Amino acid sequence: MQLLILGANSDAAGAVAAKFAATEKAGLYLASRDLDRLRNRAQDLAIRHQVNAEAIFFDATDYTSHQAFYQSLNPKPDGVVLAFGYLGDQELAQRDFAEAERIVAANFLGALSVLEVIAADFERRGHGFIVAFSSVAGERGRQSNYIYGAAKGALTVYLSGLRNRLHRRDVRVITVLPGFIRTKMTEQLNLPARLMAEPSEVAEDVYRAFRSGKDIVYTKWFWKWIMLVIKSIPEKVFKMLKL
Amino acid sequence: MKLSGWGRYPWIEAAGVSFETPEELAGYLKTSAAGIVHGLGRSYGDSALNEHVIFSRRFNKIIHFDDATGVVTAESGVTLAEIIATFLPRGWFLKVTPGTKFITLGGAIASDVHGKNHHQAGCFSECVLYFDLMLPGGNVVRCSRDQNRDLFLATCGGMGLTGVVLAAAFRLQPVKSAYIRETVIRCRNLHEVIDLFEENKSIDYSVAWIDCLARGDKMGRSVLMLGEHAKTGRKTPPPRPSLSIPMNLPGFCLNQYSVSWFNHFYYHRQPEFVSGRLVHLDPFFYPLDKINQWNRMYGRHGFTQYQFVLPKAAGRDGLRAILSRISAAGLGSFLAVLKLLGPKNENLLSFPLEGYTLALDFKIQPRLFPFLDKLDRIVLDHGGRLYLAKDVRMSEQTFKQGYPKWTELHRLRRSLNLITKFNSLQSKRLGV
Ligand SMILES: Cc1cc2nc3c(=O)[nH]c(=O)nc-3n(C[C@H](O)[C@H](O)[C@H](O)COP(=O)(O)OP(=O)(O)OC[C@H]3O[C@@H](n4cnc5c(N)ncnc54)[C@H](O)[C@@H]3O)c2cc1C
Ligand SMILES: NC(=O)c1ccc[n+]([C@@H]2O[C@H](COP(=O)([O-])OP(=O)(O)OC[C@H]3O[C@@H](n4cnc5c(N)ncnc54)[C@H](OP(=O)(O)O)[C@@H]3O)[C@@H](O)[C@H]2O)c1
């Protein structure tokens, strides 16, 4: 198996890459912006799992480069893990459209742009799978991060449509909906320890979903129930909550 | 966030950052307050604690492996468990390993850890070829026995007080299998076990479990375990942990009666003599790793491990004196481990001295610290000292008397401005 990881400097993505390298002996394309970091990660995965791992420059928001980027991959991947994302600063984004735009670009437009290129190839070949990291933040808008949430919500809707389209061609699309993961993204936030998942736990959940044929996976599992409750609160009440 | 060492005492409110590259760390050090590196927090006491901590867990890449020489180069946040999982199936194992594999490479260097083969192989630093060390200004120096030797000797065993260990190169040993040929001998008292340690010095690994509550002519009754790498057998990866202690057990679960009962049961469960049975190296080296978070067993007040070493000449008398105090006090210790140590090395603060080391776990309770102060006196009177990786309460004076080379470390820390950037609760308590 050959796996393409987009945003491979994400800590969650690193764990997913390790899981597939260990269990599937997957060869890895690690694609992201910070190449130095990426090379260290590639070297590490290659030594630990005795697989091929290659570091490749990729910028999700440089849309026009995506075609050429995908063209350059040889062999073409059997699966894609899309993990890049940008939490951003909600308050700044309210004042400054440039920040809002960065958030939407990194979480949604970049994904849309590169996944259309990949989907076209997978659809033609009738082969491949796509795992994409969205977020529970996209399930309902909250004042503390609704711009990020809106971008992730758009991504979740997009993935559902893509799944619907590619299903006929046997191409799977798996939507990953994490709650909180202990990564550099959340390091300086004060989040409840009980709700945090380690990247390795997320990787186990993702791999299990891949094996079992699930379309949507909450990680950790209890977020499904938390979100069920959150989504069921009437808007009349919800708008008064401080969330 | 709330943070503690393995003993779950004390807890401290700490602000933590992690890093993945030396550049990130250097950027942080430019503006940061004084702090200390926190690896996997397997040191029992307060050596990895401060209001500001630097987590090494994301700085954990393996950089190189030379399969001709068995030399691994890796970042300091890599764990020994990961090293074993990666290289044991290829026929390589650690040259020196402590009693848990859930520690980082940085923690192994900073505590200069020892294992059951100390009498032959020395401390972890023996297998370290070099490491890179980041100093307060963000500059990185390579340290080895030839290069920046003073910093090498100060950092191995230096408890994070000389800077941040970045990448390190260290040697593994080739093994033919993942199994150990183990011999188990029941010993009726202290003399018997010490004689057997001496008789079996040529065996690679040796350690004894000792019943601290036995008195009179049974004092020091113990079970001695000897082991050598098996010459044949599979190189299967170690099994996964299976049990876990989900919450703090109520403190009263461990008292002198339950401990004494446990010790009695454990002692008599062992056959008197087992010769050369094959056991996987995982349960042989890491029996406690089987139970996740076993440190919760001691209840919500936490526990500490008291580990001391006595020079050989004073060993038997000193051990008798201490064991009789412990059995008389009835403070109870589940695990007491006795081990023969080989000659000391040149590092400024490495713990081992040629002699005997005993490690005992105690539940934290009001009577404990005054009692341990009394034991400190006996240890010092016999020319011994306590292990910093386990310590949470020794006095400055006890430390300075046990580790006369502390003055050299202090001089180095002053001259390199380390005092302003690297401190732990322990280093402040001990005045280094
Ligand atoms: C069950 C158990 C059994 C044990 N058995 C043994 C044994 O047999 N022999 C033995 O010697 N020890 C033993 N220990 C102690 C353990 O090996 C040491 O405490 C070790 O240092 C823990 O490593 P850590 O990664 O958890 O480091 P931490 O506990 O997080 O830190 C320990 C010290 O290392 C420093 N440090 C960590 N990383 C770095 C770095 N990158 N740069 C600079 N300083 C750093 C910290 O600042 C701190 O002073 C045992 C511990 C347990 C829990
Ligand atoms: N952590 C959480 O609690 C949490 C919760 C819910 C959802 N998620 C989602 O899960 C995914 C993984 O999260 P994580 O916490 O592992 O992330 P992370 O460690 O913060 O890493 C995110 C990575 O995304 C990459 N990236 C950002 N913008 C990019 C761009 N324009 N082009 C290419 N790469 C870009 C960055 O790569 P470079 O370093 O190369 O720039 C960065 O390393 C993200 O999509 C995140 O939104 C996370």
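**Exercise 1. Find the salt-bridge network.**
Task: Which residues are linked in a network of salt bridges?

Solution. A:Asp11, A:Asp34, A:Arg37, A:Arg41, A:Lys184, B:Glu20, B:Glu24, B:Arg58 and B:Lys61 are linked in this way. The model is a predicted one. A search of the whole structure finds 42 salt bridges over all chains.

**Exercise 2. Place a pair within a helix.**
Task: Describe the salt bridge between A:Arg102 and A:Glu99, and state how exposed each residue is.

Solution. Start with the distance: the closest N and O atoms are 2.8 Å apart. Next, locate the pair. Both residues sit in helix α5 (residues 97–125) of chain A, three residues apart, so about one helical turn separates them. Now check accessibility. Buried means under 20% relative accessible area. A:Glu99 has 2% and therefore counts as buried. A:Arg102 has 41% and counts as partly exposed.

**Exercise 3. Trace a link along chain B.**
Task: Which parts of chain B does the pair B:Asp373 and B:Arg393 tie together?

Solution. The two side chains form a salt bridge, 2.8 Å from N to O. B:Asp373 lies in helix α10 (residues 368–381), and B:Arg393 lies in the loop between β21 (385–386) and α11 (396–402), so the pair ties together parts 20 residues apart in sequence. B:Asp373 is partly exposed at 42%. B:Arg393 is buried at 11%.

**Exercise 4. Examine ligand 1.**
Task: How much of the area that ligand 1 exposes when taken alone does the protein bury?

Solution. Look at the contacts. A polar side-chain atom of B:Ser43 lies 2.6 Å from an oxygen atom of ligand 1. For B:Ser111, a polar side-chain atom lies 2.7 Å from a ligand 1 oxygen atom. Then take the area: ligand 1 alone exposes 970 Å², and the protein buries 96% of that.

Definitions and conventions: Residues numbered from 1 in each chain as written. Chains lettered and ligands numbered in written order. Predicted model: local features only at pLDDT ≥ 70, side-chain atom pairs only at ≥ 80, totals over all residues. Heavy atoms only, no water. Polar contact = N/O pair within 3.5 Å; in protein donor to acceptor, adjacent residues only side chain to side chain. Areas by Shrake-Rupley, 256 points an atom, 1.4 Å probe, with all protein chains shown as cover. Salt bridge = Lys/Arg side-chain N within 4 Å of Asp/Glu carboxyl O. Helix = DSSP H or I, 4+ residues; strand = E, 2+ residues; numbered from the N terminus. Buried < 20%, exposed > 50% of the residue type's maximum accessible area, 1.4 Å probe, protein only.
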